[in-house]
Amino acid sequence: MTVEVVDVAERGRFEARVDGRVAGFAEYLRGADLVVYPHTEVDSAFEGQGVGGVLARAALEDARARGLAVLATCPFIAAWMRRHPEYLDLAYQNRSSAAD
């Protein structure tokens, strides 16, 4: 099975396609310095076949290429990053010195 990932910017998401069919997607909110990944979903017909991992890798590689920090509020993307420490350098770090 070949998974193609396409950036569908007008919908704010990456789509994983298999034989032209949308097998899953990873939504994003992209700013000048930061990209937020709030939700990832894989069609049940493609679960357990690596589609989510292909999506995560493509989304994170896009962030790296754009020089963006990543805020992964999506539990799947966050867990995928922890399992692939080569992407942890992209994780957003709050450097605020504000205190109560």
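Are Phe14 and Tyr28 buried or exposed? Phe14 is buried, and so is Tyr28. The legends below describe close-up views of a predicted model.

**Figure 1. Phe14 and Tyr28 form a tilted aromatic pair.** The ring centres lie 5.1 Å apart. The planes stand at 45° to each other. Phe14 belongs to strand E2 and Tyr28 to strand E3, so the pair ties together parts that are 14 residues apart in sequence. Both Phe14 and Tyr28 are buried. Across the strand pairing, Phe14 stands opposite Ala26 in E3. The structure holds two aromatic pairs; the other view of this kind is Figure 6.

**Figure 2. Five strands make an open sheet with mixed pairing.** The strand order is E1-E2-E3-E4-E5. E1 (4–8) and E5 (69–72) stand at the edges. Each has a single partner strand, so one side of each is left without a neighbour in the sheet. From one strand to the next, the twist averages 30°. Strands of a sheet pair through backbone hydrogen bonds, either parallel or antiparallel. Here E1 and E2 run antiparallel, as do E3 and E4, whereas E4 and E5 run parallel.

**Figure 3. Strand E2 pairs with E1 and with E3.** Five bridges join E1 to E2. One position to find is Glu4, which stands opposite Arg17 in E2. The hairpin of E1 and E2 has four residues between the strands. In that hairpin, Gly12 takes a positive phi near 65°. E2 and E3 pair in the antiparallel sense over six bridges. Their hairpin has two residues between the strands, and Asp19 takes a positive phi near 50°. How much of E2 is buried? Five of its six residues are, so E2 is largely enclosed by the rest of the structure.

**Figure 4. Phe25 has a bridge partner in E2, another in E4, and a charge over its ring.** In the pairing of E2 with E3, Glu15 has Phe25 as its bridge partner. In E4, the partner of Phe25 is Glu41. The charged end of Arg13 sits over the Phe25 ring, 4.2 Å from its centre. E3 and E4 run antiparallel and are joined by six bridges. A hairpin connects E3 to E4 through three residues.

**Figure 5. Two helices pack on the sheet.** Strand E4 (residues 34–42) is joined to E5 by four bridges, and these strands run parallel. Leu34 stands opposite Ala69 in E5. Helix H2 (residues 75–83) packs on the sheet and touches E4 and E5. Its direction makes about 125° with that of E5. Helix H1 (residues 51–66) lies across E1, strand E2 (13–18), strand E3 (21–30), E4 and E5. H1 runs at about 165° to E4.

**Figure 6. Trp80 and Tyr87 form a tilted aromatic pair.** Their ring centres are 5.5 Å apart. The angle between the planes is 50°. Trp80 is buried, with a relative accessible area of 4%. Tyr87 also counts as buried, at 4% relative accessibility. Trp80 is one of the buried residues in H2.

**Figure 7. Helices H1 and H2 cross at roughly 80°.** Their axes come within 10 Å. At that crossing angle, H1 is roughly perpendicular to H2. Which residues make the contact? H1 supplies Gly52, Gly53, Ala56, Arg57 and Leu60. H2 supplies Phe76, Ile77, Trp80 and Met81. An α-helix has 3.6 residues a turn, so residues three or four places apart point the same way.

**Figure 8. Buried residues of helix H2 are covered by both strands and a helix.** In H2, Ile77, Ala78, Ala79, Trp80 and Met81 are buried. What covers the buried residues of H2? The cover includes E4, H1 and E5. Ile77, Trp80 and Met81 are also among the residues of H2 in the contact with H1.

Definitions and conventions
Residues numbered from 1 in each chain as written. Predicted model: local features only at pLDDT ≥ 70, side-chain atom pairs only at ≥ 80, totals over all residues. Heavy atoms only, no water. Pairing = 2+ DSSP bridges. Axes fitted to C-alpha atoms, helices over the stretch in contact; angles between N-to-C directions. Contact = heavy atoms within 4.5 Å. Phe/Tyr/Trp six-rings, centres within 6.5 Å; stacked < 30°, edge-to-face > 60°. Buried < 20%, exposed > 50% of the residue type's maximum accessible area, 1.4 Å probe, protein only. Lys NZ or Arg CZ within 6 Å of the ring centre and 35° of its normal. Parallel < 35°, antiparallel > 145°, perpendicular 65-115°, else oblique.
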